[in-house]
Structures are given as structure tokens and as C-alpha cells.
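Me: I would like to go through this structure by question and answer. Please keep the replies short.

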Amino acid sequence: MAQPGDTLIGLGQRYLVQPLDWPVLARLNHVGNPRRIPIGTRLCVPLERVRASPSPVQVLEAVGDTSAHPGDRLLPGHRVRTGSQGYITLQLADGSVLKVQSATEAVLQSSQNHEPAGVLRTLWQLLRGRIESVVTPQPSTPPRFQIQTPQATLAVRGTEFRVTTIPGQTLAETLSGAVAVRQGTRQALVSAGLGTVATADGALAAPRALPAPPDIGQVPTLFERPLVRLPLPPLAEGHRYRVQVADDADFRRVRAEVDSAEPLVRIAGLADGDHHWRVRTSDASGLSGSDAAGQFRLKARPEPPIPTAPLSGAKQRTPTIDFAWAEHPQASHYLLQVGRGAGFHDLVVDQARLTQPGHSVALPPGDYVWRVRTALAGPDLGPWGEAQRLAVRAPPAALPPPTVSDTTLLFQPQGEPGQRFEFQLARDAGFHTVLAEAGAPAAEVPAPVAVPRPEEGGRLYVRYRAIDPDGYIGPHSSAQIIELPACLRSGSGACVRSSQGQPVQTLPPSRP
């Protein structure tokens, strides 16, 4: 709007790239006298003739494998690249924000600030990958922010939208405002909540509704393992999830991204702490909808030690249980809990400061669960390890004396229904030389076991073990001593035999 003292010559010198082009303004605005312009006259000035200067694009954030660094200033002609887990957040002079997603390559073709007109004109070429844009509204017409892809050109004045380029296709998704998508002479206006697909054969699909955000109300908010597992609601066939995890609620510092068709998404490599995450779903054509966003806390370190004994599901028939776990190199101490029931509500052991990677506990027969956690110096406690199941059973009852015959020692073990027993007979308490072994099949009432009797007799050691119906083999009992009459030996050391061929026996030796 003309002000007092304005002339076309003066306006040309103030605003035009070529000041001597003021006659163009005269023709466009029908001004007969270039030195006299009525005050308040609205003047039309073609934007391409308005003086402009290159406007650098600021790199706000760069995470992972990227070609840019925070603080870099990009000028026209600059190419940006991201790897499979790389992300770049850019800001234009007017406050617009572009988020260059993973596996993306784009070129800043033009970034011109027409200061006299208060207009920023920007053109990006997206070669591959994805860009998310939040463009500051501009009053000018036509739109001055554009993204070109191999299949289409997207133009906006102020909106939030996403564009993806894959071989042979461009996908445009509008989250707010509207985006003009042009392919050759074809054009579609894609309003908020809609998307379209442009293909290399010249097809431009009619805008259609984007998928709704998934329901993440049941997803946990605390994870205690380095591999985060996000359970998501099932999807229709052909649909997929895209999950991102970031340090900030604006997702300018994205730390991880997963694309999956499975409803259980796994994310590794995150540091302990609070994380923002979001998930969107895509339909069979690849168009993605709005995000469902949430937060979770990861507290996975120091990691719990690996249990080594007893193994989960083990059964023991000893009065004392030796718990053991792998040593953590930075641990100041460990915490051990043993309880009845999966929830550890009924604790029978709650040891808070174990300095060694093991602990022995006397437990009565019963079914237990146990777990252990690591503590570093100070108050830093790691999460509990997975619950390990343990069945403690009573050892076999005391063994009655055997029934002795000329050929066998018949033992009648006292056990549980379905158990069977194995016996060993030896000359030494260490059972280095086993004289005889015998067992009996399983039965409702444990069957007696006949162990061959050594003809030489003397002091013998016997031990036994129970085998449960589920295959669990219990420990050997302690060695018990049996004194049998020894054979009378000749001068050569051989047993003296009767006329019937039986060894001639002496009285059992007395115990020392």
C-alpha cells in the first residue's frame, strides 16, 4: 500500500531484484505517473521480481547415522542423508520444522527469503525415504513451500503433513490443513485426515481416509529388560505398524524406529530413563494415519544376575537348598527372595545384602519361586530377575535293615507312590569300587530291591536313591554300613568252602 512520498522508481530501488524494472510495476498496476502514486494505493509486485537472499536451514537435531550435525546451516544445493537409524530435525527461517526420517535422502533446491514481501520460498527434492513437515502458515498465494519427488510435487502454505518416496510411488498424508499434490496436469487437494498415492505410471489416487490411531491403553509404562517389548492391538491383514521412540515429546530426537506387521514390537539399544513413543498404522496401500503417543520408563540396569542353581523347574530332596547365580562385576551386593506363589506375596526368604553370588537356605517341602537382583554402590537397584520355580520334596524315609539270605540282600525302601529305587553296594564309603547295583520297576507301593550278596561278606557300604514318576533322580543317600559274616580264608587267601560248595563263614568283624 502506497505511503506518502512513494514513487515507482523509489519502490523499485527498495524492493526489486532489478531496480530499473519499475516500468513493469507501472504496467501491472496501471500507474500513469511513476512519480505520483495516490496514497493508499495497493500495488501488485511479482514475487519473482522481489529482492531475495539465500536463507540457511538450521540443523536442530541429528541422531544416529546422518550427514549433518546439530548447528549446521544448510544452503541451497545441500544434500542430507540418514542411515537406517538416523534422524535429522531442520528448522526454516519462518519457524517451519522438517523431520528427515531414517533411510532418507533429500536435496535443498531453494531457500529464498523475500524480506520486503515477508515471504520465505523453499523447495526440497525428496529422492528417497520420508519427510515429516510442520509448515508455518504464510499469507501468500500460491503456496511457497514445496517438496518434489520423482512422481509428484506437494505444495502447502501452512500445514502438518508427511511425504514418502519409495520406488515407483509417492505417498502423501495430511494431518492438519491441506496439501496440493500435483502430478503433471493432474492435481488433488488432500485435506486433514486424508492421503493419496501417486505412481510412476501417472496415476494419482483420489484422496481417502487415513487409518485411525491404534489403542495403546493396555501397553505397559514400565519395562525392566534391555529389550523393550511393546504389545500392540492386532491389525487387519496387509496393515503394518511404525513405532518411534524419542527423547522428547516433539520427536525431534528419535532414538529408535521399527516397522512391523507383528503386534509385538521389539526395541533394543535404549538407555535407562523416560522415553516418549508413538505408533501409527498403515493400510494395504502404505498410507499411514495419525499417531497414538505415550510414555514409558525403562529401568533395566544393572541387569539381574543369571541364576545358575537350582535351575527353574528343578526338584530337590535335600533339607538345604544352595541358591547360586552369576557374579556381576560391578555389584556391591545382591538381593534374594524366595516365596510361595508367583507374586512373591508370601516370602519365606528376603535377604537384602548378600555380598556373595550364592546363599544356602533350609526349606521345608513345598513349591517355591525365587529371584535375585543386583545392587550397585549407593541406592541404585536393578530390576528383579525372572522368577525361577523350585519344588522341594522330602528325602526318602530311613531305610530298614535288609533281609539277608545266602544270595541276596533284600531292601524294602519307604517311598511315595510311583517311585522306584536304585541301590549300590561297595567295599569303601566313597563307592570307588562298586560290588553290585540293583533296582526295581516303579510301582504304586515301592517294590523291594534285591541286591546280590558278595560271597566274601565283611564290612559293606550301601547307598540308594529315589527316582520319581516324572523322571527326577534324587541324590544318593549317605552311605550306610552293613556287617556280614566273612568267609574263612585258606593260607592262599581263598575262601574255604564246605562240601556243598558254600563259603565257610566267620563271625562278623566288630566295628572299630
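Me: What percentage of the 512 residues is buried?
Reply: This is a predicted model, where local features need pLDDT of at least 70, side-chain atom pairs count only at pLDDT 80 or more, and totals for chains, interfaces and linings use all residues. Residues are numbered from 1 along each chain as its sequence is written, and side-chain values use heavy atoms, without hydrogens and water. Buried means under 20% relative accessible area, with a 1.4 Å probe and protein chains only. In the protein, the buried share is 42%.

Me: Why is the protein described as more spread out than a compact globule?
Reply: The protein has 2 helices and 38 strands (DSSP runs: H or I of at least four residues, E of at least two). The globule rule, 2.2 Å times the number of residues to the power 0.38, gives 24 Å for 512 residues. The radius of gyration, taken over C-alpha atoms, is well over that, so the protein is more spread out, at 42 Å.

Me: What does the C-alpha trace span along its principal axes?
Reply: Three spans describe the C-alpha trace of the protein. They are about 155 × 50 × 45 Å.

Me: Which strands stand at the edges of the open sheet with the order 32-33-36?
Reply: This open sheet has 3 strands with antiparallel pairing; two strands pair if DSSP finds at least two bridges between them. Each edge strand has a single partner strand, so one side is left without a neighbour in the sheet. The edges are strand 32 (403-404) and strand 36 (449-452).

Me: Which residue in strand 33 is the bridge partner of T403?
Reply: Strand 32 and strand 33 (residues 408-411) run antiparallel, joined by 2 bridges. The partner of T403 is L410.

Methods:
Buried < 20%, exposed > 50% of the residue type's maximum accessible area, 1.4 Å probe, protein only.
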